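User: I am new to this structure and would like a close look at one part, the helices that pack near the start of the chain. Please describe how they meet.

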Amino acid sequence: MNLSLISEPIASFSPLYEQIKAMILASLQTSEWLPGDAIPSEMELAARYAVSQGTVRKAIDELAAQNLLVRRQGKGTFVATHQEEDFQYRFLRLEPDSGDKLHLKNQFLACENKQSDAYIAKLLKLKAGDPVIRIDRVQSSAGRPIVFEEIWLPEGRFKGLTLDALNAWPGPMYAFYESEYATHMVRAEEKIKAVVANSELSKHLEVPEGAALLSVERVAFTYGNKPVEIRHARYDTSDQHYDNKLN
């Protein structure tokens, strides 16, 4: 499942606004403008690229529709950041059946350096045996564990990551990646299937062995279509459901 779309480099014969969009995206990829920063005005970008403001506006509209930029009335256009409440859980589709807002509390259980197996290496575009970081996490709602996750990160991008640092961070992980490792997640792909709880999942989620769970395997990408995180979550959906709006 593709949760968002990011354009690849644009060929020279593409529409002019697509070429401007690619130039703006290139500036995001090189960290010319960081998450949370304001980008130059449409007038300034039009002068920079020697095009009309309308062309710049159309390019920005598309990047805003892809959740890479955020327009703020009367303030300008900003680089999207997972630090903001509206974007913190943009990739999370788990919602309570009650309709209440989901508030999750993190408990990180492990953070270890490992050698990647062939499957993890393939998803992260590494070589088998390359160093990765394996993280185990439980997320709870109203004091009840409802998510158990195994997370894999390329060690080269996340050097020095520790269990203490993860447990000390008060917000979502994607905001942590931005703040501490200059890594902004811009899109994700997921595979979803039904599974049953084994003994390990039974312990972490406090459900009987054999209980029905939802398995969601996500690969998250940063700019340039680079995979930088694998997240394998198992959800207890007794009082939650997976909500996905299709257009």
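Analyst: Contact here means heavy atoms within 4.5 Å. Helices (H or I, at least four residues) are DSSP runs, numbered from the N terminus. The model is predicted: local features need pLDDT of at least 70, side-chain atom pairs count only at pLDDT 80 or more, and totals for chains, interfaces and linings use all residues. Residues are numbered from 1 along each chain as its sequence is written, and side-chain values use heavy atoms, with hydrogens and water left out.

In α1, residues I20, M23, I24 and S27 meet L45, R48 and Y49 of α2. Five residues of this contact are nonpolar, one is polar and one is charged (Ala, Val, Leu, Ile, Met, Phe, Trp, Tyr, Cys and Pro count as nonpolar, Asp, Glu, Lys and Arg as charged, and the others, Gly among them, as polar).

Helix α1 covers residues 16–29 and α2 residues 42–49; their axes come within 12 Å and cross at roughly 105°. Axes are lines fitted to C-alpha atoms, for helices over the stretch in contact, and angles run from 0 to 180 degrees between N-to-C directions. The crossing makes α1 roughly perpendicular to α2, a term for angles of 65 to 115 degrees.

Helix α2 also packs against α3 (residues 53–65), at an angle of about 110° and with the axes 8 Å apart. Therefore α2 and α3 are roughly perpendicular to each other as well. On the α2 side the contact is made by E42, M43, L45 and A46, and on the α3 side by Q53, V56, R57 and I60. This contact has five nonpolar, one polar and two charged residues. L45 of α2 thus appears in the contact with α1 and in the contact with α3.

Methods
Helices (H or I, at least four residues) and strands (E, at least two) are DSSP runs, numbered from the N terminus. Angles under 35 degrees count as roughly parallel, over 145 as roughly antiparallel, 65 to 115 as roughly perpendicular and the rest as oblique.
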